[in-house]
Amino acid sequence: MSNSTEIDELPVISCPKDPRFQNTNVTRYCFIHYIDYHRCTHLLGKDESSCDIFKQTFQRMCPNAWIETWDRRRKEGIFARDCKTELD
């Protein structure tokens, strides 16, 4: 019989290491991947699976409240960035 708990058996899911974000504050990392996902879907199409890495990353790193706020602001046209024209 094993002494391990259910928590020990869960796989560890993490985001890929990004050398642009070496500190522990993930705010910018989260925001940039959110923008990258929406740029990617604009350029390649909403159903493009190549964009999934950006989506998975920001969904794991960003608080849900931030994502909901950013989605709402994008719909209202008041988001801080234009993901359709800005490519930097």
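Angles under 35 degrees between helix axes count as roughly parallel, over 145 as roughly antiparallel, 65 to 115 as roughly perpendicular, and the rest as oblique. In this predicted model, the axes of H2 and H4 cross at roughly 40 degrees, and the two helices are therefore oblique to each other. This briefing covers helix H2, its crossing with H4, the residue His 38 in H2, and the 3 salt bridges counted in the model.

**Helix H2**

- Helix H2 covers residues 27–44, which amounts to 18 residues.
- From its first C-alpha to its last, H2 reaches 26 Å, close to the 26 Å expected at 1.5 Å a residue.
- The buried residues of H2 include three tyrosines, Tyr 29, Tyr 34 and Tyr 37, together with the cysteines Cys 30 and Cys 40.
- Ile 32, His 33, Ile 35, Asp 36, His 38, Arg 39 and Thr 41 of H2 are buried as well.
- Two helices, H3 (52–61) and H4 (64–76), are the elements against which the buried residues of H2 pack.
- After H2 comes Gly 45, a residue with a positive phi near 110 degrees.

**The crossing of H2 and H4**

- The axes of H2 and H4 come within 12 Å of each other.
- The crossing of these two helices is right-handed.
- On the H2 side, the contact is made by Thr 27, Cys 30, Phe 31, Tyr 34 and His 38.
- On the H4 side, Trp 66, Ile 67, Trp 70, Asp 71 and Arg 74 make the contact.
- Of the H2 residues in this contact, Cys 30, Tyr 34 and His 38 are among the buried residues of their helix.

**His 38**

- His 38 has its place in helix H2.
- The relative accessibility of His 38 is 10%, and because buried means under 20%, His 38 counts as buried.
- Leaving aside residues up to four places away in sequence, His 38 touches Asp 71, Arg 74 and Cys 83.
- Asp 71 and Arg 74 both lie in helix H4, and they also take part in the contact between H2 and H4.

**The salt bridge in H2**

- Asp 36 and Arg 39 meet through their side chains in a salt bridge, at 3.3 Å from N to O.
- The two residues are 3 residues apart in helix H2, so about one helical turn separates them.
- Asp 36 counts as buried, with a relative accessibility of 14%.
- Arg 39 likewise counts as buried, at 11% relative accessibility.

**The salt bridges in H4**

- A salt bridge links Asp 71 with Arg 74, and their closest N and O atoms are 3.6 Å apart.
- Asp 71 and Arg 74 stand 3 residues apart in H4, about one turn of the helix.
- Asp 71 is partly exposed, with a relative accessible area of 28%, and Arg 74 is partly exposed at 30% relative accessibility.
- Arg 72 forms a salt bridge with Glu 76, where the closest N and O atoms are 3.7 Å apart.
- Arg 72 and Glu 76 are 4 residues apart in helix H4, so they too are separated by about one helical turn.
- Arg 72 is partly exposed, its relative accessible area being 41%, and Glu 76 is partly exposed with a value of 47%.

Methods:
Residues numbered from 1 in each chain as written. Predicted model: local features only at pLDDT ≥ 70, side-chain atom pairs only at ≥ 80, totals over all residues. Heavy atoms only, no water. Expected span 1.5 Å × (residues − 1). Buried < 20%, exposed > 50% of the residue type's maximum accessible area, 1.4 Å probe, protein only. Contact = heavy atoms within 4.5 Å. Salt bridge = Lys/Arg side-chain N within 4 Å of Asp/Glu carboxyl O. Axes fitted to C-alpha atoms, helices over the stretch in contact; angles between N-to-C directions. Left-handed = near helix turned anticlockwise from the far one by under 90°.
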